[in-house]
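Colleague: Could you take me through one part of this predicted model closely, the helices toward the C-terminal end of the chain? After that, please place them against whatever else deserves a look.

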Amino acid sequence: MGEQRAPGLRIRGAGQVSEKRKRLLALAGDDLWGIELLRFAIQQAVAELAGLGGMVHLGSPGYGGGLRLAVTSGLPPAFTQAWERIDGNGPLAPARAFRDGAFVQASLANIDHGMPEPGATADGRPDGRQDWATAGSWPAGTAMAAVPLLGPGGPVGTLSVVTLSTHRPSAGRRAFLDTLGRWAGERLGKSSAAPPDPALTEQQEQPTGSHLPQELQAVGTWDWDIRTGDIIWNDAMPTVLGLDPDTFDGRIDTWMGTIHPEDLPWVLSDMDEAIYTGRMHSTEYRVCRPDGTTGWVRVRGRLVLDDNGEPARMIGTLWDVTRTHDVLDAVTEPQARNAESSSAERASHIRRLAGALAEAVTVRDVVAASADHILPSFGASGLMLAFLEGDHLRPVGSTGYPKEFVDRIAQMPVSWGLPITVVLRERTPMFISSSEEYIERYPATADIPAVGGKQAWAFLPLIASGRPVGSCVVAFTDPRQFTGVERNLLTTLSGLIAQATERARLYDKEHTRARELQRGLLPRELPTLPAVTPAARYLPAGKDMEVGGDWYDIIPLSADRVAIVIGDVMGHGVAEAVTMARLRTAVHTLADLELSPDELLSHLNDLVSDLGDDFYATCLYLVYDATTRSCVVTRAGHPPPAVVHPDGTVLFPEADPNSPLGAATPPFDTVEMELPEGSLLVLYTDGLVESSTLDIDRGMAQLARALSDAISGAPAGHVDHAEPDATGFHCAECLESLCDSITATLLPGGRKTTDDAALLVVRTHALPSDDMATWSLPEHPKAAGQAREHIRAQLSAWHLDDLSMTTELLASELVGNVVRHAKGPIHLRLLRSNVLTCEVSDGSLTTPRIRRAADTDEGGRGLQLVAAISRRWGTRYTATGKSIWTEQPLNPEAPTLFPEQAGLDLYDLLDDE
């Protein structure tokens, strides 16, 4: 920090330091111009006095002979804004130094005592006291030292330094400041004069400005048509850039091609910002000449608008500043090697950061890329990105900060005026070098540094397309003085982060919508059924935010049968997702009608064909019957399922896959097979087993190996004392693990494919024979009575006597209908599973239906009774006829609707017996 000592105490070695700085001025010579010259002078003065920062004011005759602020370094905008205009006749230190042509020092603690009287024009207003009060909010012990910048004709401006001590500097330090003022004043005067003869040296640096004539060969002048990319320049431009003027194609791209690859990102960023904001384009970068040499150039340009106020052209100048950099390198030669290594490492990090941000898709990617490359590049220990939402800043990603700190930032409203919100409002970066500086500037949140564990910060606004989107904070564990290069670099990087962040926010928003749509179209959870235990995975293709057309489902059918379906609508997008949803809905509807698999696919084929020639889909529909362990499979252009037997054997049923839906010609071929208890059915889409580098046959072979490897690594077990189960996957958690194993093997390392992939693994279970009972009944009215007797005895054996009365009524009605309206043979079956199923089968294909009976009708109420007292009922066709079934819950507490409650007469309904 600043130098503090008692009056008269001599600092050892101070004279030697001043002498070294004077030699540094001599080495700098005439190679510094304009703003760079003034900034260099401020840095030397601040270093000599161990000050907080400095300012340079230049005489401005056009403003009543006052002083105008030209350059600042190290001072907060809240301070410097009050010093933008100074009355040349006023009592402030810069004005007195300018008037008297000598060193002046004044305390800042009681600066109000030296302010202009009311009516003076300190800031272009009638009364300047209010702004000066802001500048006077410095604590006791701070002062300002000022020296004139003496040109050949007298003072041209002043150089001021804010110090932490009110003691007058030593004679040696004052002598150096006087020397520095004369040195800067003389060169500042030269910078406005005509440049030296360009013939004296090939690399002599030249000043710039719109007043430079076209014939000055040392300075390149250019005129760029922003809309067409055409550029016109003078003869000096190709000389500086090392291009052949005879082969130049007059395009801006050719010029941009000479920029060093490491410098290109921020050069383009600065140029874009200059075009958008209308400010002066000013930058300095390296060029790679065709002959293999590298040099430094300085470019400045001014925007020209068309009649509508839109950017049309940019005109400017370019000149070689390689010699300036050579001089500065010679001055800092003892640190050159370390600086070169550090610069190369930083350049490498920044180059990788630009690439990572270009590839970043989500906000999390942007945070990770920024942290991975910015923190090591600057030696930082923390980074935070926050978005403005309403009256709060919402942190969206951070590293190096405790959760308590991040949560606290999220709770602070924007109105508190934290630096992270101030920079967003003012669109200007802020650099705070120590916790003491933070506490002094923001006392209301003085505990923030301790909570966050940081001592220095770079607060950077994120501006994308001219609109503030958030803030980025780069934090350091120890206090840190930010150099001009670091400030410029961090500011430039914030522009890259802002663009990447805005793009990532849009992606995240659209991706969230797509993910919600996909989640809504697929089953949220698969049903738990006695016949099967399922597990599934859906893997979207790559980083594409569009929804896919892959889908799967498990649909419970009657009599412990279950339909398992998987499909793939070709393509990606909303239209394909809609088609997938329509197909899934249609499958549910058709499955409820108990259609056979081939008939169901025929209806689906008609549906897809009606959508147009651009829609195609593959589908596999499978029906598993737990009472017989039979499985019927029908495919429409879809890969066959993998069947894993309990002994670990993996096979794929061989059958004609038929054509995809939309291009098929029914009927569809089917395959029927019997599955041992505990078999696995593995259904999948082609995205899991096929890619541009993998044909489907090899992919299916890989799937078989993955299943075999997973099964061989699983512990064998027994289920219900049945045959040994080599698969070991007899629980839902085991199947979830198997899904993870398969996807990890077929898509290693989370490898994304160009197509979505769906995986559905189902373990089959057989209904125990003790839970099934079947009887044959005669084609006679007495069959209903026999059915009731069988039911009464069986339910008593199953300890389900509470369901006996209702089940007897159901069986009586169904058997009576067969005797009256259908033909035999008649079979009665009871199934005890998660529900009690009562089935009556016959040899007729007629379909019973409920009809509305009038009050005077003697019949027509039987099926009303069936619908009233069963949970659900239906009809399905079999190979020999049809089967009418009903279901009742096994829970004895479940409400049962008796005939009286339905307004029916039990004896009228049973009078046919």
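Modeller: In this predicted model, helix α25 (residues 862-869) packs with α24 at an angle of about 150°, and their axes lie 10 Å apart. An angle over 145 degrees counts as roughly antiparallel, which is why α24 is described as roughly antiparallel to α25. The crossing of these two helices is left-handed. On the α24 side, the contact is made by Thr806, Leu809, Leu810, Glu813, Leu814 and Asn817, and on the α25 side by Gly862, Leu863, Val866 and Ile869. Sorted by class, the residues of this contact are six nonpolar, three polar and one charged.

Helix α24 (residues 804-821) has another partner to consider, helix α23 (residues 783-797). These two also pack at an angle of about 150°, with the axes 9 Å apart. The pair α23 and α24 is therefore roughly antiparallel as well. Here α23 passes α24 in a right-handed crossing, whereas the crossing of α24 and α25 is left-handed. From α23, the residues that take part are Ala783, Ala784, Ala787, Arg788, Ile791, Arg792 and Leu795. They meet Ser804, Thr807, Glu808, Ala811, Ser812 and Val815 in α24. By class, this contact of α23 with α24 holds seven nonpolar, three polar and three charged residues. Read side by side, the lists for α24 name Leu809, Leu810 and Leu814 among the residues that contact α25, and Ala811 and Val815 among those that meet α23.

Earlier in the chain there is another pair of helices, and one of them goes with a sheet. The sheet is open and has five strands in the order β17-β26-β25-β22-β23, with antiparallel pairing. Strands β17 (532-539) and β23 stand at the edges with a single partner strand each, so one side of each has no neighbour in the sheet. Within the sheet, strand β22 (residues 642-644) pairs with strand β25 (residues 680-684) in the antiparallel sense over three bridges. One such match puts Ala642 with Val682 as its bridge partner in β25. Helix α22 (residues 732-746) packs on this sheet and touches β17, β25 and β26 (757-764). The direction of α22 makes about 30° with that of β17.

Helix α22 also packs with helix α21 (residues 696-712), at an angle of about 135° and with the axes 10 Å apart. That angle makes α21 oblique to α22. The crossing of α21 and α22 is right-handed. Gln702, Leu703, Ala706, Leu707 and Ala710 of α21 make the contact with Leu738, Ser741, Ile742, Thr745 and Leu746 of α22. The residues in the contact of α21 with α22 are seven nonpolar and three polar, with no charged ones.

Two loops are worth checking for their backbone. A cis peptide bond joins Pro666 and Pro667, with omega about 10°. Pro667 lies in the loop between β23 (650-651) and β24 (670-674). The loop between β18 (548-556) and β19 (561-572) contains Ala559. Phi of Ala559 is near 55°, a positive value in a residue other than glycine.

Farther toward the N terminus, strand β7 (residues 220-225) has two antiparallel pairings to describe. Six bridges join β7 to strand β11 (residues 311-320), and Trp222 has Gly316 as its bridge partner there. Three bridges join β7 to strand β8 (residues 231-233), where Asp223 stands opposite Ile232. Strands β7 and β8 form a hairpin with five residues between them, and Gly229 in the turn has a positive phi of about 85°.

Last, the confidence. The mean pLDDT of the chain is 78, and 79% of its residues reach 70 or more. Over residues 191-217 the pLDDT stays under 50, and the model has 40 contacts for this stretch beyond four places in sequence. Residues 716-724 also have a pLDDT below 50, and that stretch has eleven contacts in the model beyond near neighbours in sequence.

Key. Residues are numbered from 1 along each chain as its sequence is written. This is a predicted model: local features need pLDDT of at least 70, side-chain atom pairs count only at pLDDT 80 or more; totals for chains, interfaces and linings use all residues. Side-chain values use heavy atoms; hydrogens and water are left out. Two strands pair if DSSP finds at least two bridges between them. Helices (H or I, at least four residues) and strands (E, at least two) are DSSP runs, numbered from the N terminus. pLDDT is the predictor's confidence in each residue, from 0 to 100. Contact means heavy atoms within 4.5 Å. Axes are lines fitted to C-alpha atoms, for helices over the stretch in contact, and angles run from 0 to 180 degrees between N-to-C directions. Angles under 35 degrees count as roughly parallel, over 145 as roughly antiparallel, 65 to 115 as roughly perpendicular and the rest as oblique. A crossing is left-handed if the near helix is turned anticlockwise from the far one by less than a right angle, and right-handed if clockwise. Ala, Val, Leu, Ile, Met, Phe, Trp, Tyr, Cys and Pro count as nonpolar, Asp, Glu, Lys and Arg as charged, and the others, Gly among them, as polar.
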